[in-house]
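Thanks for asking me to look this one over. Here are my notes, point by point, to read with the structure open beside you.

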Amino acid sequence: MDGATFSSAPATPGAAAELPARLNRRQAAKLRTRQRVLAAATDLFKDVGYAKGTIRAIAKKAGMSTGAVFANFDDKDDLYVAAFGHPPLTPEQGLCLAAALRQAETFIRGFDDDPLQEGVPELLQAIKAALPPPPPAPAPATGGADA
């Protein structure tokens, strides 16, 4: 998610039926509040991560009270799912995901020069953008005085 802009369009398919065709002032204000909280949460989670992103910090960033946050979201997990579309990953899940993406990148690279494979360069670029930098390679052992 880019977190920079949010529209009043629902994030989930089928949710359009829940929104009236025209919002009254109260409904529009509630939607704006929800969008501000969601934008603040998205930015904060991206900046400091899930564990350090507190409801209080999200409310402060949005210029709202914690009550406004809880009026729109059940808890921090609910807010995270609304922002990113999935529950927060544990560190172990994050490492597994990064490893799987690295494996996929290596596999897909084999198709890079195949003219019948459309979108491979774009997919590789998206994978690279999603991955943190690879860990540095261990330094080679140097032959010391004992070698």
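1. Let me begin with N72, which sits in helix α3. Please keep in mind throughout that this is a predicted model. N72 has a relative accessibility of 13%, so it counts as buried, the cut-off being under 20%. Setting aside neighbours within four places in sequence, N72 is in contact with K30, T33 and R34.

2. Now for the overall picture. The protein chain has six helices and zero strands, and along the sequence the pattern reads α-α-α-α-α-α. Of the 147 residues in the chain, 23% are buried. The accessible surface comes to about 10,700 Å², and carbon and sulfur atoms hold 58% of that. Among contacts with a separation of 6 or more, 51% are between residues 24 or more positions apart.

3. Helix α1 is a good one to check with a ruler. The helix runs over residues 25-48, and its 24 residues should span 34 Å at 1.5 Å a residue. The C-alpha atoms at its two ends are 34 Å apart, which agrees with that expectation.

4. Both ends of α1 have a detail to look at. At the start, a side-chain oxygen of N24 comes to within 3.0 Å of the backbone nitrogen of R26. Just after the helix, G49 adopts a positive phi of about 90°.

5. Which residues of α1 are buried? They are A28, L31, V37, L38, A39, A40, A41, T42, L44 and F45. Their cover includes α2 (55-62), α3 (66-72) and α4 (76-84). As general background, an α-helix has 3.6 residues a turn, so residues three or four places apart point the same way. You may like to keep that in mind as you go through the list.

6. K76 deserves a look of its own. This residue is in helix α4 and is buried, yet K76 has no salt bridge. The nearest side chain of opposite charge belongs to D77, 6.8 Å away. A salt bridge would need a side-chain nitrogen within 4 Å of a carboxyl oxygen, so D77 does not provide one for K76. What K76 does have is a polar atom of its side chain 3.3 Å from the backbone oxygen of G53. Not counting residues up to four places away in sequence, K76 touches F45, Y50, A51, G53 and I55.

7. Y80 is also in helix α4. Is Y80 buried or exposed? At 12% relative accessibility, Y80 counts as buried, since the cut-off is under 20%. Beyond four places in sequence, Y80 touches F45, Y50, G85, H86, P87 and P88. Its C-alpha atom is 7.6 Å from that of T42, although Y80 and T42 are 38 residues apart along the chain. T42 is itself one of the buried residues of α1.

8. Y50 is worth reading together with the previous two points. Y50 lies in the loop between α1 and α2, and its 26% relative accessibility makes it partly exposed. With residues up to four places away in sequence left out, Y50 touches F45, K76, D77, Y80 and P88. The C-alpha atoms of Y50 and P88 are 6.9 Å apart in space, while the two residues are 38 apart in sequence. F45 appears among the contacts of Y50, of K76 and of Y80, and F45 is one of the buried residues of α1.

9. My last point is P87, in the loop between α4 and α5 (91-109). Where does P87 stand on accessibility? Its relative accessible area is 55%, so P87 counts as exposed, the cut-off there being over 50%. Even so, P87 is in contact with Y80 and V81, leaving aside neighbours within four places in sequence. The C-alpha atoms of P87 and D77 are separated by 6.6 Å, with their positions 10 residues apart along the chain.

Key. Residues numbered from 1 in each chain as written. Predicted model: local features only at pLDDT ≥ 70, side-chain atom pairs only at ≥ 80, totals over all residues. Heavy atoms only, no water. Helix = DSSP H or I, 4+ residues; strand = E, 2+ residues; numbered from the N terminus. Expected span 1.5 Å × (residues − 1). Buried < 20%, exposed > 50% of the residue type's maximum accessible area, 1.4 Å probe, protein only. Contact = heavy atoms within 4.5 Å. Polar contact = N/O pair within 3.5 Å; in protein donor to acceptor, adjacent residues only side chain to side chain. Lys, Arg positive; Asp, Glu negative; His and termini not counted. Areas by Shrake-Rupley, 256 points an atom, 1.4 Å probe, with all protein chains shown as cover.
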